[in-house]
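Please look over the sequence and the model below before reading on. The paragraphs that follow lead through a few of its features, one after another.

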Amino acid sequence: MKNKINSEESKGLGDTIAKITHATGLDVVAEKVANVLGKEDCGCKRRQEKLNELFPYKTQEKKEE
């Protein structure tokens with residue numbers, strides 16, 4: 001089964017970093033550390049969204065013919 005993270009096109013830097021951390025297993029480590037410290041989550045999703053907002057990738061819009 002394909003993971004949703006890897007099947008979508010990256011919208012910005014945050015998506016690319018999320019793919020890398022998922023591929024290396026760092027996302028799981030971050031969640032476990034956050035749980036040990038008593039946090040609800042590691043904040044990865046918020047950081048991903050903020051990085052996408054600050055550093056979006058340019059996309060070519062399809063031209064109507």
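**A walk through the model**

Arg46 is exposed, with a relative accessible area of 56%, and in this predicted model its side chain meets that of Asp41 in a salt bridge, with 3.7 Å from N to O. The partner, Asp41, has a relative accessibility of 37%, and because that value lies between the 20% and 50% cut-offs, Asp41 counts as partly exposed. Side chains of opposite charge can pair when their charged atoms come close.

How many salt bridges does the count come to? The count comes to two, and the other pair to consider joins the side chains of Glu53 and Lys50, at 3.6 Å from N to O. Glu53 and Lys50 both belong to helix 4, which covers residues 44-54, and because they are three residues apart there, about one helical turn separates them. Glu53 counts as exposed at 57% relative accessibility, whereas Lys50, with a relative accessible area of 43%, is partly exposed.

From these charged pairs we can turn to helix 2, which is made up of 12 residues, 13-24, and reaches 17 Å from its first C-alpha to its last, close to the 16 Å expected at 1.5 Å a residue. Which residues of helix 2 are buried? They are Gly14, Asp15 and Ala18, and because these three cover an arc of only 95° around the axis, they lie on the same side of helix 2. On the other side of the helix, Ala23 and Thr24 are exposed. After helix 2 comes Gly25, a residue whose phi is positive, near 85°.

The stretch before helix 2 deserves a look as well. Ser10 sits in the loop between helix 1, residues 4-7, and helix 2, and with a relative accessibility of 17%, which is under the 20% cut-off, Ser10 counts as buried. The side chain of Ser10 is joined to that of Lys19 by a polar contact of 3.1 Å. When its neighbours within four places in sequence are left aside, Ser10 is in contact with Asp15, Thr16, Lys19 and Tyr57. One of these, Asp15, has already appeared among the buried residues of helix 2, so that the loop residue Ser10 and the buried side of helix 2 can be viewed together through the contact of Ser10 with Asp15.

Definitions and conventions
Residues numbered from 1 in each chain as written. Predicted model: local features only at pLDDT ≥ 70, side-chain atom pairs only at ≥ 80, totals over all residues. Heavy atoms only, no water. Helix = DSSP H or I, 4+ residues; strand = E, 2+ residues; numbered from the N terminus. Expected span 1.5 Å × (residues − 1). Buried < 20%, exposed > 50% of the residue type's maximum accessible area, 1.4 Å probe, protein only. Arc of directions from axis to C-beta. Salt bridge = Lys/Arg side-chain N within 4 Å of Asp/Glu carboxyl O. Polar contact = N/O pair within 3.5 Å; in protein donor to acceptor, adjacent residues only side chain to side chain. Contact = heavy atoms within 4.5 Å.
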